[in-house]
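Please examine the model shown below, with attention first to the packing of its helices and then to its pockets.

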Amino acid sequence: MTPGFDELLAAARKLAAVGGRRMLGITGPPGAGKSTLAGRIVAELGPERAVEVGMDGFHFAQRELARLGRTERKGAPDTFDVDGYVALLRRLRAAGPDAVYAPEFRRDLEEPIGSAIGVRPDVPLVVTEGNYLLVADGSWRHVRTLLDEVWFLAPSDDVRVARLIARHRAFGRTEEQAKERTFGSDQRNADLIAATADRADLIVR
């Protein structure tokens, strides 16, 4: 499907109005626009109705990546604390009487920051975005079961690649480094993610 933003916003608004806590996942390959869409939806619904909690807050810290020898593969499924992410989603879905605090990933620091996002129990919609929400292997398989809906963003490769190169350049990489990352680890991750699209409720082209 090729729904516009207004249609996606209406769908999110409807989900938030169902009652109780609802969980919306937005996934897709690197550069698909996940965080942009999630941020726009949350901004439109407002802080009383929605909050964004990203999967990227569960990146391993650079020191741990170095210890594990996975620095060059940062962003691959085994460079995240998936069990921590699943535990957080379960707490958020339960919507107990107290606020739940979630980490966020700071691209300017290339590090996760703990307890950066407070989620009040009365906020009806949690929007979570990330690459691997539909992966069925290992502990990742639990993520899909905790989400009411998952949307898969699938822009053209030309658009996605241009976004990635621009992003890497914006955070200090040279043109050569940006292309190496985009066509290297980012593309390997994109190929893995593309194979999960059939598990989504909606594919946004």
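In which hand, left or right, does helix 6 pass helix 7? In this predicted model, helix 6 passes helix 7 in a right-handed crossing. Helix 6 spans residues 157–170 and helix 7 spans residues 175–183. Their axes come within 9 Å and cross at roughly 135°. Angles over 145 degrees would count as roughly antiparallel, so the crossing angle makes helix 6 oblique to helix 7.

The side of helix 6 in this contact is formed by Val161, Leu164, Ile165, His168 and Arg169. They meet Glu175, Ala178, Lys179, Arg181, Thr182 and Phe183 in helix 7. Sorted by class, the residues of this contact comprise 5 nonpolar, 2 polar and 4 charged.

From helix 7 the reader may continue to helix 8, residues 185–194. The axes of helix 7 and helix 8 are 3 Å apart, and the packing angle is about 25°. Angles under 35 degrees count as roughly parallel, and helix 7 and helix 8 are therefore roughly parallel to each other. Helix 7 contributes Glu180, Arg181, Thr182 and Phe183 to this contact, and they meet Ser185, Asp186 and Gln187 in helix 8. By class, the contact of helix 7 with helix 8 divides into 1 nonpolar residue, 3 polar and 3 charged. Arg181, Thr182 and Phe183 of helix 7 take part in the contact with helix 8 and also in the contact with helix 6.

A further helix pair lies earlier in the sequence. The axes of helix 1, residues 5–16, and helix 2 come within 10 Å and cross at roughly 60°. That angle makes helix 1 oblique to helix 2. The crossing of helix 1 and helix 2 is right-handed. Helix 1 makes this contact through Phe5, Leu8, Leu9, Ala12 and Arg13, while helix 2 uses Leu37, Arg40, Ile41, Glu44 and Leu45. The class count for the contact of helix 1 with helix 2 is 7 nonpolar, no polar and 3 charged residues.

The pockets follow. General practice explains how such spaces are found: rolling a probe the size of a water molecule over the atoms shows where empty space is left. The largest pocket in this model has a volume of about 680 Å³. It is lined by 32 residues, of which Ser35, Asp56, Phe105, Arg107 and Arg167 are the closest to its centre. Helix 2 (34–45), strand 3 (100–106), helix 6 and helix 8 each supply at least two residues of this lining. Helix 6 gives the largest share, 4 residues. By class, the lining of the largest pocket has 7 nonpolar, 12 polar and 13 charged residues.

Which pocket comes second, and what is its volume? The second largest pocket has a volume of about 330 Å³. Its lining consists of Gln62, Thr71, Glu72, Lys74, Glu110, Arg173, Gln177, Glu180, Arg181, Gly184, Ser185 and Arg188. Helix 7 and helix 8 each supply at least two of these lining residues, and the largest share, 3 residues, comes from helix 7. The lining of the second largest pocket has no nonpolar residues, 5 polar and 7 charged. Among its lining residues are Glu180, Arg181 and Ser185, which also belong to the contact of helix 7 with helix 8.

Methods:
Residues are numbered from 1 along each chain as its sequence is written. This is a predicted model: local features need pLDDT of at least 70, side-chain atom pairs count only at pLDDT 80 or more; totals for chains, interfaces and linings use all residues. Side-chain values use heavy atoms; hydrogens and water are left out. Axes are lines fitted to C-alpha atoms, for helices over the stretch in contact, and angles run from 0 to 180 degrees between N-to-C directions. Angles under 35 degrees count as roughly parallel, over 145 as roughly antiparallel, 65 to 115 as roughly perpendicular and the rest as oblique. A crossing is left-handed if the near helix is turned anticlockwise from the far one by less than a right angle, and right-handed if clockwise. Contact means heavy atoms within 4.5 Å. Ala, Val, Leu, Ile, Met, Phe, Trp, Tyr, Cys and Pro count as nonpolar, Asp, Glu, Lys and Arg as charged, and the others, Gly among them, as polar. On a 1 Å grid over the protein atoms alone, a cavity is a set of points where a 1.4 Å probe fits but cannot get out, and a pocket is an open set with protein on both sides within 12 Å along at least five of seven lines; lining residues have an atom within 4 Å of a point. Grid points are joined across faces, edges and corners, and a volume is the space filled by probe spheres set on the points.
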